[in-house]
Amino acid sequence: MEFITHSPEETEALGAALAKLLVPGDIIAYRGDLGAGKTAFTRGLARGLGCKEAVTSPTYTIVNEYLSGRCPLFHFDMYRLASADDLWSIGWEDDLDRGGICAVEWSENVEEALEGALTVSVETLGPDTRRIRMEGEKDLAAISL
Ligand code: ADP
Ligand code: MG
């Protein structure tokens with residue numbers, strides 16, 4: 001599935017639409033540069049799950065968790081990890097065991113650990129324009145803007 005969004009709000013709406021299709025244990029592996037809109041999309045995921053907390057970037061914390069929705073949402077930033085070998089040090093397995101949805105920025109750094117994940121690529125086309133591609137085993141046909 002491929003969409004073009006024209007504002008952060010539209011990107012969030014797409015995230016919220018995807019959230020309706022997610023179940024605990026699902027992993028979203030983001031692709032896309034700094035400032036593309038990965039965190040904006042995650043804000044939508046959180047909203048779609050019914051989370052009440054404000055979503056902020058996990059750049060300094062590596063993972064932020066949002067527990068007020070219909071299932072936990074773990075938002076990771078793997079920028080500072082060298083490889084999947086570093087995942088043990090951040091409690092990745094523990095969070096998976098807690099039955100949440102994991103949304104992973106800089107998933108490229110831990111690619112080996114994310115086989116079977118739903119890939120969400122966010123590409124900057126212009127100041128407010130983004131191309132968002134979602135690929136995975138899930139039936140995504142229900143998603144619309
Ligand atoms: P990332 O997490 O990929 O580094 P962020 O979501 O933190 O990116 O930031 C995206 C930036 O791009 C924000 O400043 C946002 O306002 C801006 N922006 C402009 N247009 C869009 C759009 N269509 N979708 C998402 N973000 C957009
Ligand atoms: Mg981000």
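Is Cys102 buried or exposed? At 0% relative accessibility, Cys102 counts as buried. Hold that thought; I'll come back to the cysteines. One caveat up front: this is a predicted model, so everything I quote is computed from predicted atoms.

Okay, ligand 1. There are 17 residues around it, and the ones that come nearest are Thr11, Gly35, Lys38, Thr39 and Ala40. If you sort the shell by class, you get five nonpolar, seven polar and five charged residues.

Now the polar pairs. Thr11 uses its side chain: an N or O atom there sits 2.6 Å from a nitrogen atom of ligand 1. Ser7 and Gly37 work through the backbone instead. For Ser7, a backbone N or O atom is 3.1 Å from a nitrogen atom of the ligand. For Gly37, a backbone N or O atom is 2.9 Å from an oxygen atom of the ligand. As for cover, ligand 1 has 570 Å² of accessible area on its own, and the protein covers 74% of that.

Which elements give two or more residues to that shell? Helix H1, residues 8-19, and helix H2, residues 38-49. H2 gives the most, with three residues.

Let me stay with Thr11 for a second, since its side chain has another partner. A polar contact of 2.8 Å joins the side chains of Thr11 and Thr5. Thr5 is in strand S1, residues 2-5, and at 0% relative accessibility Thr5 counts as buried.

Next, the metal. Ligand 2 is a magnesium ion, and its coordinating atoms are OG1 of Thr39 and OE of Glu105, at 2.2 to 2.3 Å. Thr39 lies in helix H2 and Glu105 in strand S5, residues 101-105, so this pair ties together parts that are 66 residues apart in sequence. Thr39 and Glu105 are both buried. And Thr39, remember, is also among the residues that come nearest to ligand 1.

Back to the cysteines, as promised. How many disulfides does a search of the whole structure find? Zero. Why no bond for Cys102? Its sulfur is 9.6 Å from the closest cysteine sulfur, the one in Cys71, and that's too far for a bond. Cys51 has Cys71 as its closest cysteine as well, with the sulfurs 7.9 Å apart, again too far. The cut-off here is 2.5 Å between sulfur atoms. Cys51 is buried too, at 10% relative accessibility.

Last bit: backbone oddities, for anyone who likes checking torsions. Ile62 isn't a glycine, but its phi is positive, near 70 degrees. You'll find Ile62 in the loop between H2 and strand S3, which spans 63-66. Trp106 is another non-glycine with a positive phi, about 55 degrees. Trp106 lies in the loop between S5 and strand S6, residues 118-124.

So are those two residues buried or exposed? Ile62 is buried, with a relative accessible area of 17%. Trp106 is buried as well, also with a relative accessible area of 17%.

To recap: the protein covers 74% of ligand 1's own accessible area, the magnesium ion is coordinated by Thr39 and Glu105, and the disulfide search comes back with zero. That's what I have.

Note on methods. Residues are numbered from 1 along each chain as its sequence is written. Chains are lettered from A and ligands numbered from 1 in the order in which they are written. This is a predicted model: local features need pLDDT of at least 70, side-chain atom pairs count only at pLDDT 80 or more; totals for chains, interfaces and linings use all residues. Side-chain values use heavy atoms; hydrogens and water are left out. A residue is near a molecule or strand if one of its heavy atoms lies within 4 Å of it. A polar contact is a pair of N or O atoms within 3.5 Å; within protein, one must be able to donate a hydrogen and the other to accept it, and residues adjacent in sequence count only if both atoms are side-chain atoms. Accessible areas come from the Shrake-Rupley method with a 1.4 Å probe; for residues, only the protein chains shown count as cover. Helices (H or I, at least four residues) and strands (E, at least two) are DSSP runs, numbered from the N terminus. Ala, Val, Leu, Ile, Met, Phe, Trp, Tyr, Cys and Pro count as nonpolar, Asp, Glu, Lys and Arg as charged, and the others, Gly among them, as polar. Donors are N, O and S atoms within 2.8 Å of the metal (3.2 Å for Na, K and Ca); water is not among the atoms, so sites may look incomplete. Buried means under 20% relative accessible area, exposed over 50%, partly exposed in between (1.4 Å probe, protein chains only).
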